[in-house]
Each structure stands twice: as structure tokens, then as C-alpha cells.
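Here are some notes for a first look at this entry. Please keep the structure open while reading.

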Amino acid sequence: MSTKRSRPPCSPPARQLQRAIARCLADSFAEGDAPVNRLMTLQRNVPFAVLVSALLSARTRDQVTIPVATALLDVAPDPSALRAMSPAALESIIRPCGFYRDKARHLLALAHRLQSDFEDRVPDRIEDLLSLPGIGRKTANLVLSLGYGQPAISVDIHVHRISNRLGLVETQRPEQTEQALQRVLPRRTWSFWNPWLVALGQRICLPRQPRCDACPVKKYCEKKLGR
Ligand code: SF4
């Protein structure tokens, strides 16, 4: 007889399972020793800090992003200070990040768009955020959830990988995962899942060799790939 669990979204057992997973992930996140914890401390729920650090973090590890974003936000804590920087000065600060020339170009264009279209305020609507240079759904949802406390799920490679390993969703690509998670998770919890899953992905549920023995949700995980 098959031991496969029935799927969310609405069956009571699936809801109970989600709640149990959520509690374990929240407790694990509260330990606070993942790079994403340090990044969120830097962002301080400030939309501009979330936006800048998220843009810098594309294809760059958090261990590299954190000191670079700290240095940049020290000299450019708002759009007008960022606009005042020369391309060379900006590039010299963000050089450790991957694709730093593209990112410098996007950051300066971003600072000008915020001035011309949004009165130097980071917008709080997904359509407006997606219209900004260099900003995709992952970053836009991060600004909404971490910067503005709105219900939004930012899907990066960790969120995509672990959501599938846990059996919360069955998707092939990260672009499909956001909508799939929205269907199965309570809206009031959406903004928590990115930090929870990113922290787990950085410390335990690694891409190639997940450390299942140390995993706080191992008893709920469908696959337990490391076993
Ligand atoms: S049990 Fe293993 S595969 Fe499942 S979430 Fe934990 S680390 Fe990842």
C-alpha cells in the first residue's frame, strides 16, 4: 500500500502538517545563525535597504553580499545619495559582487526612476516594483514582504528546492513555485516562508548533500534525500 500523503491545499491533515512544518522552521530560524539572518538585520525592514541588498545579492552569496551592501548603504542610505555617486565610485564598492557593472548601472538607473516616478520612495505595489530596472518577481516580493510587511512569497533557489523536497509543491521551475505556494499556504504566513526556507537551505537542506540528520523538519519531509 502506498504511504504517500494526500496533497494540500485544503485537507485538514495537510493543514496540520503545514502548521507543524511552519513551527519547526520558525524555531530553527529563530536560532539566527544563517547568513540570511544577518542580511535581514542589515535590511532592518527598510524598503530601500531591502531593494538595494536584494539587487546586489543576485548570483552572489549572502556572505559576499552582506559586507558589500553594508558598505554601500553606509554611503548611500537613500535614493538621492545613491544618485550622487559616480559610476566608478559605485563600482569600486560593489566590485566583489557578481555582475557588478550591470548592477551598478541598474542601481543608478533605479535611483533616477525612484526620483522621476515615485518621489524618491520605494513603491509598495508589485506592478511598480517590476517596472524598476533590474528588479524581477523575487526581489519585488522580497520588498513587499520584508520592507512593507505585505503578504508575498519571494521564491529563490532555496525556496524552490526545499518546497519541492518537503512536498509542499510539485513544480519544475521557480517561476511556477510562487503561485503553487500561494495556493497551499495560508496568506497570513506567506511573508515568513522565504526567510525560513532560505535559512534552512543555507545551513542544512543544501543543494547537493542535504544534512537530513540535522534537519528540524526531517520527520515531515517526503524525500529525505540525504538518507
Ligand atoms: S529532511 Fe533532508 S531533504 Fe528534507 S527538508 Fe530536511 S534536509 Fe531537506
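1. Start with one helix pair; the model is predicted. Helix 6 covers residues 87-94, and helix 7 covers residues 100-118. The two pack with their axes 9 Å apart, at an angle of about 130 degrees.

2. How should that angle be read? Angles of 65 to 115 degrees count as roughly perpendicular and those over 145 as roughly antiparallel. Helix 6 and helix 7 are therefore oblique to each other. Their crossing is right-handed.

3. Which residues make the contact of helix 6 with helix 7? Helix 6 brings Pro87, Leu90, Glu91 and Ile94. Helix 7 brings Tyr100, Arg101, Lys103, Ala104, Leu107 and Leu108. By class, the residues of this contact divide into 7 nonpolar and 3 charged, with no polar ones.

4. Now step back to the domains. The chain is divided into two parts: domain 1 takes 12-34 + 154-220, and domain 2 takes 46-148. Domain 1 is thus written as two segments, domain 2 as one. Their C-alpha centres lie 26 Å apart.

5. How many residues of each domain are in contact with the other? Domain 1 has 7 residues in contact with 5 residues of domain 2. On the side of domain 1 that touches domain 2, helix 12 (residues 190-203) gives the most, with 3 residues. By class, this side of domain 1 has 2 nonpolar, 3 polar and 2 charged residues.

6. For a second look, begin at helix 12, since that helix gives the most to the domain 1 side of the contact. Then return to the oblique pair, helix 6 and helix 7.

Notes: Residues numbered from 1 in each chain as written. Predicted model: local features only at pLDDT ≥ 70, side-chain atom pairs only at ≥ 80, totals over all residues. Domains from an automatic or database assignment. Contact = placed C-beta atoms within 7 Å. Helix = DSSP H or I, 4+ residues; strand = E, 2+ residues; numbered from the N terminus. Nonpolar A, V, L, I, M, F, W, Y, C, P; charged D, E, K, R; others polar. Axes fitted to C-alpha atoms, helices over the stretch in contact; angles between N-to-C directions. Parallel < 35°, antiparallel > 145°, perpendicular 65-115°, else oblique. Left-handed = near helix turned anticlockwise from the far one by under 90°.
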